[in-house]
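Reader: I would like to learn how to read the contacts in a model of this kind, beginning with the place where chains meet. Could you take me through it step by step?

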2 protein chains.
Amino acid sequence: MNTENKKATIIGGGPAGLAAGVYSVRAGVKTAIIEKLFAGGSMLLTEKIDNYPGFPEGVSGYELAEKMKSQYLRFGGEIIQGDVDEVFFEGVRKRIRMKDGREEEADALIIASGSSRKKLGIEGEDEYTGKGVSFCAVCDGAFFKGKKIAVIGGGDSALEEAVYLTRFAEKCYLIHRRDEFRASAYLQNELKKHSVQTVLSAVPERIEGDGKTVKRVILRRNKTDEMLSFEADGVFISIGQKPNVEFINGKVEQNPAGYIVTNYKMETSEKGVFACGDVIKKTLYQVVTACGEGATAAASAEKYLSAM
Amino acid sequence: MNTENKKATIIGGGPAGLAAGVYSVRAGVKTAIIEKLFAGGSMLLTEKIDNYPGFPEGVSGYELAEKMKSQYLRFGGEIIQGDVDEVFFEGVRKRIRMKDGREEEADALIIASGSSRKKLGIEGEDEYTGKGVSFCAVCDGAFFKGKKIAVIGGGDSALEEAVYLTRFAEKCYLIHRRDEFRASAYLQNELKKHSVQTVLSAVPERIEGDGKTVKRVILRRNKTDEMLSFEADGVFISIGQKPNVEFINGKVEQNPAGYIVTNYKMETSEKGVFACGDVIKKTLYQVVTACGEGATAAASAEKYLSAM
């Protein structure tokens with residue numbers, strides 16, 4: 001059957017969804033992206049993206065989001081504002097229900113709903129996000145050469161980020177609210193080898209700066225209520241990440257943490273349902289990997305539709 | 001061990017290699033790319049790249065190559081001119097020997113040597129490449145809306161490309177030198193369903209144009225020597241592709257066609273050797289997928305070096 005009358009719907013308008021959209025519309029498939037807020041996804045949380053290939057001087061997350069969005073729109077893609085409540089795969093066509101009751105139908109579904117970073121919820125966190133506060137060492141570490149960095153968290157990711165950041169930072173603190181780390185012994189040993197200074201039983205109270213950039217983080221010792229101030233140019237918050245999968249409700253295979261399991265074609269366990277970007281289980285969560293997976297998901301969806 | 005004294009070497013300076021380079025140097029790893037000709041790889045063969053996310057109006061292959069190259073150089077990456085003859089994995093360090101006898105050593109090796117398109121070797125083919133002559137339907141099909149297209153080839157890829165191009169083309173010919181197709185019955189049936197006009201037992205003699213764009217393709221019936229002229233705005237040459245793997249000499253696992261087999265971390269069968277881009281077995285061969293894989297390969301190489 002021809003793909004002309006077939007429709008692909010993409011949930012999520014971040015880099016994975018927009019790249020999938022570009023490839024899908026360009027392949028002649030009627031395509032819609034359902035986006036909850038603003039197209040761009042987690043790119044919008046990033047002041048400067050330095051490692052997306054093709055922008056030698058870096059590009060602001062907002063600008064890159066706008067570029068990808070207008071590229072998608074130029075080819076004739078549609079963006080539907082909507083907050084997906086649940087998806088249904090009973091019939092040949094997939095059904096997507098929004099929280100306001102509207103429904104969409106699609107012949108192929110691409111899930112690109114991303115993930116959410118857990119936040120501390122303290123003063124200064126939102127204000128300085130992208131201005132010293134970061135949620136991604138690989139993305140932003142290189143901006144802190146010779147600077148002081150505080151990493152907050154106690155799991156594997158936090159320890160990995162702290163160790164990684166020692167290659168840039170003049171001084172690296174790792175701050176954790178408990179009196180020991182949950183992370184593996186191997187990583188705890190790496191911490192010592194890389195001279196990360198650990199601060200245990202300490203809860204971040206607020207992040208302070210001069211309005212432009214972060215200057216220090218204020219901690220409270222949770223056993224003594226003593227207040228501590230650590231000078232820091234960067235605060236990396238690594239207290240967890242969770243995939244945005246509430247609407248999936250177990251209808252495709254997920255790993256224990258909830259990330260969608262795909263094969264190298266970006267196919268999920270459900271025929272005609274594909275996934276890409278931060279919502280899938282993979283090894284590197286970056287704009288460029290999300291885009292590559294989005295393109296692959298769209299190509300696989302297009303093949304699926306052609307063979308329908 | 002710290003990655004500071006460790007070196008990653010990348011073979012190939014196309015999008016996969018440059019993206020790997022950006023991620024590798026930015027992670028603080030000493031990194032060199034060995035490039036035979038000019039950084040950019042197959043991007044340099046493409047007049048306009050319309051589907052690399054982030055360039056809403058498209059970008060010339062040359063410009064995108066230059067941007068990725070200067071991004072890599074800005075972070076402190078090195079480019080070595082050299083034509084790799086063979087790689088050796090006996091010791092802990094990998095050895096790379098060039099055709100002129102020079103040698104390089106590396107702790108981690110990333111193979112991003114791409115693939116080569118088989119060419120017809122006829123008059124007009126090189127002259128009009130990027131000006132109507134294309135080697136990639138997914139890349140360039142959308143430029144030929146409402147136009148006449150001739151696809152040349154008889155294998156699965158050629159038939160897939162012809163079927164794919166019917167969604168854009170007003171008229172689509174498929175030209176093959178033999179009197180039957182090697183491709184699957186399913187695809188041959190698709191050809192009919194999509195009204196692709198097949199021209200069998202015909203050998204392309206030359207591609208003609210007005211200096212700016214392709215106008216027609218001249219064929220010779222190989223049984224009668226009769227000459228035929230087909231008006232065409234686009235000529236898609238799909239007579240095969242081969243990975244650039246001569247220097248590997250069976251030292252990592254390859255599929256029967258020679259493409260390197262990797263897992264989702266871009267690890268090959270050899271520890272410390274990674275691969276990405278057009279040289280690997282995968283589902284979609286595009287600049288953006290190459291870049292995503294390059295980033296992933298570099299992240300995996302960095303983890304490998306950190307754990308050394």
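Author: Let us begin with the chain interface, where 55 residues of chain B are in contact with 54 residues of chain A, contact meaning heavy atoms within 4.5 Å. Please keep in mind that this is a predicted model, in which local features need pLDDT of at least 70 and side-chain atom pairs count only at pLDDT 80 or more, while totals for chains, interfaces and linings use all residues. Residues are numbered from 1 along each chain as its sequence is written, chains are lettered from A and ligands numbered from 1 in the order in which they are written, and side-chain values use heavy atoms, with hydrogens and water left out.

Reader: What is the area buried between chain B and chain A?

Author: The size of an interface is often given as the accessible area lost when the parts come together. Here the area buried between chain B and chain A is about 4,300 Å², and carbon and sulfur atoms give 51% of it; buried area is the accessible area (1.4 Å probe) that two parts lose on being put together, summed over both. On the chain B side, Tyr23(B), Arg26(B) and Arg167(B) lose the most area to chain A, together 18% of what that side buries.

Reader: How many salt bridges does the rule find across the interface of chain B and chain A?

Author: Side chains of opposite charge can pair when their charged atoms come close. The rule asks for a side-chain nitrogen of Lys or Arg within 4 Å of a carboxyl oxygen of Asp or Glu, and across the interface of chain B and chain A it finds 8 salt bridges, whereas a search of the whole structure finds 53 over all chains. One salt bridge joins Arg26(B) to Asp50(A), with the closest N and O atoms 3.9 Å apart. This pair runs from helix H1 of chain B to the loop between strand S2 (30-35) and helix H2 (61-74) of chain A, where helices (H or I, at least four residues) and strands (E, at least two) are DSSP runs, numbered from the N terminus. Arg26(A) likewise forms a salt bridge with Asp50(B), the closest N and O atoms being 3.9 Å apart.

Reader: Which residues in H1(B) meet H6(B)?

Author: Pro15(B), Ala16(B), Ala19(B), Ala20(B), Tyr23(B) and Ser24(B) meet residues of H6(B), among them Val287(B), Cys291(B) and Gly294(B).

Reader: How are domain 1 and domain 2 of chain A placed?

Author: Chain A is divided into domain 1 (7-117 + 241-306) and domain 2 (133-237), with bounds that come from an automatic or database domain assignment. Their C-alpha centres lie 32 Å apart, and 6 residues of domain 1 of chain A are in contact with 6 residues of domain 2 of chain A. These two domains bury about 530 Å² between them, 61% of it on carbon and sulfur atoms, and across their interface the rule finds 0 salt bridges.
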